Amino acid sequence: MSEAILLDGVTRFYEVGDTTVHALDGVSLAIEEKSFTAIVGPSGSGKSTLMALIGCLDVPTSGRILIDGEDTSGMDDDELAYIRNRKIGFVFQHFSLLPKLSALDNVSLPLLYRGTGSRERREKAEEMLERVGLKDRMKHRPSELSGGQKQRVAIARALITEPAIILADEPTGALDSATGREVMDIFHSLHREGHTIVLVTHDQKLASECSRMIGIKDGRVEYDAS
Ligand SMILES: Nc1ncnc2c1ncn2[C@@H]1O[C@H](COP(=O)(O)OP(=O)(O)O)[C@@H](O)[C@H]1O
Ligand SMILES: [Mg+2]
């Protein structure tokens, strides 16, 4: 198997006033293609920083990140956006849906950025919503959906560009455990379909269902268990 994600000595420091926060402090990791990895660790340990870096939403202070074999160091914003749009789907804890748009329009948005025509956008968005079991909720706005339904819309939005890699930062953190279970089952089925998945979670039980668990503490890898 080859590596979907490779981090080599990655740091991310923030300057806050006259102190430096070492959010990530020398992380080297290889994440295999088609694997399902859980990232766990206390609040403030650097998990979201790590996900933002892998997702090309942010760039490291030092070190290298390779996505699908491509070195992202030195890429400009357009090049990073291109990688993000082609290879990565992001799912956040609080869904990050646009409140004024229907489920359908939220899901099709990444294709609008890509310049896809309206008919194809609509067809694909319908297909993705059907896949997450929301065919009958396409016209609903986020405020007319439950938490679990909102997260399923967000997953459909992440899938519409057919990304190989899905990054989910505490996707069940705002959901009750039964709804969280349903969302986790969607990630399991995406894993079976061949996606590479990296999931941040506080839930040890959900983490233990993944093929690998990486513990982060104080910006470093504390343990790495397969
Ligand atoms: N934009 C920022 N500016 C300054 N410090 C930040 C910023 N983002 C995160 N941090 C700090 O970096 C550390 C790691 O944060 P984060 O990656 O969000 O942790 P986690 O997701 O594990 O809770 C924390 O100490 C946090 O306060
Ligand atoms: Mg976080």
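**Two pockets and one ligand site**

Let me begin with helix H3, which supplies five residues to the lining of the largest pocket, the largest share of that lining. Before going further I should say that what you see above is a predicted model, and that every value I quote today is computed from that model.

Staying with this pocket, the space inside comes to about 510 Å³. It is lined by 18 residues, and those closest to the centre are Arg84, Asn85, Ile88, Pro110 and Tyr113. If you want to find the pocket on the structure, look for helix H2 (77-87), strand S6 (88-92), helix H3 (103-114) and helix H5 (147-159), since these are the elements that each give two or more residues to the lining. As for the character of that lining, 10 of the residues are nonpolar, five are polar and three are charged.

Now to the second largest pocket, which holds about 180 Å³ of space. Which residues lie closest to its centre? They are Thr172, Ser177, Gly180, Asp203 and Leu206, out of 14 residues that line this pocket. Two elements, helix H6 (177-192) and helix H7 (204-208), give two or more residues to the lining, and H6 provides the largest share with three. By class, this second lining has three nonpolar, six polar and five charged residues.

Let me turn finally to ligand 1. The residues around ligand 1 include Tyr14, Val16, Val21, Ala23 and Pro42, and also the run you can follow in the sequence as Ser43, Gly44, Ser45, Gly46, Lys47, Ser48 and Thr49. Sorted by class, this shell has five nonpolar residues, six polar ones and one charged one.

Three contacts deserve a careful look, and each involves an oxygen atom of the ligand. In Lys47, a polar side-chain atom lies 2.8 Å from an oxygen atom of ligand 1. In Ser48 the partner belongs to the backbone, where an N or O atom lies 2.9 Å from a ligand oxygen. In Thr49 we return to the side chain, with an N or O atom 2.6 Å from an oxygen atom of ligand 1. Taken alone, the ligand exposes 560 Å², and the protein buries 61% of that area.

Which elements give two or more residues to the shell around ligand 1? They are strand S1 (3-16), strand S2 (19-32) and helix H1 (47-54), and H1 gives the most, with three residues.

Technical notes. Residues are numbered from 1 along each chain as its sequence is written. Chains are lettered from A and ligands numbered from 1 in the order in which they are written. This is a predicted model: local features need pLDDT of at least 70, side-chain atom pairs count only at pLDDT 80 or more; totals for chains, interfaces and linings use all residues. Side-chain values use heavy atoms; hydrogens and water are left out. A residue is near a molecule or strand if one of its heavy atoms lies within 4 Å of it. A polar contact is a pair of N or O atoms within 3.5 Å; within protein, one must be able to donate a hydrogen and the other to accept it, and residues adjacent in sequence count only if both atoms are side-chain atoms. Accessible areas come from the Shrake-Rupley method with a 1.4 Å probe; for residues, only the protein chains shown count as cover. Helices (H or I, at least four residues) and strands (E, at least two) are DSSP runs, numbered from the N terminus. Ala, Val, Leu, Ile, Met, Phe, Trp, Tyr, Cys and Pro count as nonpolar, Asp, Glu, Lys and Arg as charged, and the others, Gly among them, as polar. On a 1 Å grid over the protein atoms alone, a cavity is a set of points where a 1.4 Å probe fits but cannot get out, and a pocket is an open set with protein on both sides within 12 Å along at least five of seven lines; lining residues have an atom within 4 Å of a point. Grid points are joined across faces, edges and corners, and a volume is the space filled by probe spheres set on the points.
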